[in-house]
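Trainee: Could you take one residue of this protein and look at it closely with me, and then place it within the whole chain?

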Amino acid sequence: MCERRKIKIDARYHLLRKGNIDTFSNERKNGTRHDSTGADKGTGIHDAKVSGAYFPDEYSADELTMSRLHGTELRRGKKSAGHCWH
């Protein structure tokens, strides 16, 4: 069963959700830490040029293809055989 994602109460996490990547990166360089474990990160690989990458078992080949071609968010599913993108 998939782990339920949650919106965290963390200022740095909200920087990412709002798209303030530069501010987040600067805080990180200055040593500010945050925990994004289990957070709703909205990860995707839309139009990415991916070659020879190994993806965790939780991502199906269909899930990876939909994310790359159509920009859908990657969702973790059941563990299965790993997938290598060529």
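Mentor: Let us begin with E63, which, leaving aside residues up to four places away in sequence, touches T72, E73, L74 and R75. This is a predicted model, and with that in mind we can go on to the setting of this residue. E63 lies in helix 3, the element that covers residues 61-70. E63 has a relative accessible area of 11%, and because that value is under the 20% cut-off, the residue counts as buried. Across the protein, which has 86 residues, buried residues make up 20%, and E63 is one of the buried residues.

From here we can widen the view to the chain around helix 3. The secondary structure consists of 3 helices and 2 strands, and when you read along the sequence you meet them in the pattern α-α-β-α-β. If you take the contacts in the protein with a separation of 6 or more, 46% of them are between residues that stand 24 or more positions apart. The accessible surface of the protein comes to about 6800 Å², and carbon and sulfur atoms account for 49% of that area.

Finally, consider how confident the predictor is in what you see. The mean pLDDT of the protein is 78, with 77% of the residues reaching 70 or more. Among the elements, helix 3, where E63 is found, has the highest mean pLDDT, at 90, whereas strand 2, made of residues 83-85, has the lowest, at 52. Where pLDDT is low, the predicted coordinates should not be read in detail.

Terms used. Residues numbered from 1 in each chain as written. Predicted model: local features only at pLDDT ≥ 70, side-chain atom pairs only at ≥ 80, totals over all residues. Heavy atoms only, no water. Helix = DSSP H or I, 4+ residues; strand = E, 2+ residues; numbered from the N terminus. Buried < 20%, exposed > 50% of the residue type's maximum accessible area, 1.4 Å probe, protein only. Contact = heavy atoms within 4.5 Å. Areas by Shrake-Rupley, 256 points an atom, 1.4 Å probe, with all protein chains shown as cover. pLDDT = per-residue confidence, 0-100.
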